[in-house]
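Reader: Hello! I have a model open on my screen and would love a close look at one part of it, with the surroundings filled in as you go. Here is what I am looking at.

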Amino acid sequence: MDASPTTTPTARPMRADARRNYERIIECAREAFAEHGPQAPLDDIARRAGVGPGTLYRHFPQRDALIEAVYRSSIEGLAAEAHKLVETRSPTDALEQWFRAQVDFVMDKRSLAATLKAAIDRDSATFTLCSSLITDAAAAVLRPTQEAGLVRDDIQPRDLLRLGHGIGVACETSPDAADRLISVTLAGLRSPA
């Protein structure tokens with residue numbers, strides 16, 4: 001069973017201080033991995049998080065567990081944004097705002113996400129979970145627009161992810177083009193009049 005911020009590997013709820021340590025370690029690891037790649041020194045991550053090495057190793061016994069937790073945390077945040085938008089915005093606004101967030105995520109985090117993703121076993125529970133979370137998030141913003149007849153019904157959630165990923169990668173070195181490409185893509189998703 002994977003550990004989450006609220007449980008330990010034995011499924012006991014974490015104390016508040018342990019949860020704060022866990023979250024600080026994740027955030028500091030994200031920063032360290034962005035700067036130095038997945039081989040960033042774990043002692044440096046513990047120091048940045050303001051915890052001892054023993055605390056880091058208690059939460060993450062191996063480097064791979066920390067890498068997976070950082071990757072999972074990033075995907076969980078992007079997925080949560082989709083569900084929040086669906087609850088608070090019109091279907092069209094939710095789709096557009098999340099699609100823009102997805103492109104931004106790819107542009108901002110691509111090198112880190114790609115590096116971390118490469119370090120994760122594609123058959124692992126984390127990889128499967130992240131794939132499911134992001135596909136469900138895309139479906140959550142896509143489905144209401146399709147049900148309202150606003151977006152072509154032949155578009156699949158994975159298509160939305162591919163389009164966003166493509167724009168993000170293409171605009172990584174020319175971010176000023178992203179807005180234009182997003183607008184063209186969103187216009188192309190609309191149902192024919």
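Is cysteine 171 buried or exposed? Please start there, and then walk me through the salt bridges and the packing around them.

Author: Happy to! Please keep in mind that this is a predicted model. Cysteine 171 is buried, because its relative accessibility is 1% and the limit for a buried residue is under 20%. Cysteine 28 is buried as well, with a relative accessible area of 10%. A search for disulfides through the whole structure comes back with 0.

A little context will help with the rest. The chain has 8 helices and 0 strands, so from the N terminus on its elements simply read α-α-α-α-α-α-α-α. Of its 193 residues, 42% are buried. Among the contacts with a separation of 6 or more, 65% join residues 24 or more positions apart. The accessible surface is about 10,400 Å², and carbon and sulfur atoms account for 51% of that area.

Cysteine 28 brings us to helix H1, since it is listed among the buried residues of that helix. H1 covers residues 16-36, which makes 21 residues, and its first and last C-alpha atoms are 30 Å apart, close to the 30 Å expected at 1.5 Å a residue. Its buried residues also include Ala18, Tyr22, Ile25, Ala29, Arg30 and Phe33. Just after the helix, glycine 37 adopts a positive phi of about 80 degrees.

Arg30 leads to the salt bridges, of which the structure holds 11. Side chains of opposite charge can pair when their charged atoms come close. Glutamate 27 pairs with arginine 30, with 3.3 Å between the closest N and O atoms. The two sit 3 residues apart in helix H1, which means that about one helical turn separates them. An α-helix has 3.6 residues a turn, so residues three or four places apart point the same way. Arginine 30 counts as buried at 11% relative accessibility, whereas glutamate 27 is partly exposed at 35%.

Helix H2 offers another pair of this kind. Arginine 47 and aspartate 44 form a salt bridge whose closest N and O atoms are 3.9 Å apart. They too are 3 residues apart within one helix, here H2, so about one helical turn lies between them. Arginine 47 is exposed, with a relative accessibility of 59%. A network of salt bridges links Arg47 and Asp44 with Glu35 and Arg48.

The next pair reaches across the chain. Arginine 100 forms a salt bridge with aspartate 179, and the closest N and O atoms are 2.5 Å apart. Because arginine 100 belongs to helix H5 and aspartate 179 to helix H8, this pair ties together parts that are 79 residues apart in sequence. Both partners are partly exposed: arginine 100 has a relative accessibility of 22%, and aspartate 179 has a relative accessible area of 44%.

Now for the nonpolar packing. The largest nonpolar core has 53 residues, and the members that touch the most other members are Ile25, Phe33, Ile45, Leu66, Trp98 and Leu160. Two or more residues each come from H1, H2, H4, H5, H6, H7 and H8. Helix H4 gives the most, with 10 residues.

Leucine 160 is a good place to zoom in. Setting aside residues up to four places away in sequence, leucine 160 touches Leu95, Trp98, Phe99, Gln102, Ala138, Val141, Leu142 and Leu189. Trp98 is thus both one of its contacts and, like leucine 160, one of the members that touch the most others in the core.

Two threonines of helix H6 round out the view. Threonine 135 lies in H6, and its C-alpha is 9.1 Å from that of leucine 160, with the two positions 25 residues apart in sequence. Beyond its neighbours within four places, threonine 135 is in contact with Pro157, Arg158 and Leu161. Threonine 145 also has its place in H6, which runs over residues 125-147. Its relative accessibility is 1%, so threonine 145 counts as buried. Again leaving out residues up to four places away, threonine 145 touches Pro91, Thr92, Leu95, Leu150 and Val151. Leu95 therefore appears among the contacts of both threonine 145 and leucine 160.

Technical notes
Residues numbered from 1 in each chain as written. Predicted model: local features only at pLDDT ≥ 70, side-chain atom pairs only at ≥ 80, totals over all residues. Heavy atoms only, no water. Disulfide = S-S within 2.5 Å. Buried < 20%, exposed > 50% of the residue type's maximum accessible area, 1.4 Å probe, protein only. Helix = DSSP H or I, 4+ residues; strand = E, 2+ residues; numbered from the N terminus. Contact = heavy atoms within 4.5 Å. Areas by Shrake-Rupley, 256 points an atom, 1.4 Å probe, with all protein chains shown as cover. Expected span 1.5 Å × (residues − 1). Core = buried A, V, L, I, M, F, W, Y, C linked by side-chain atoms within 4.5 Å. Salt bridge = Lys/Arg side-chain N within 4 Å of Asp/Glu carboxyl O.
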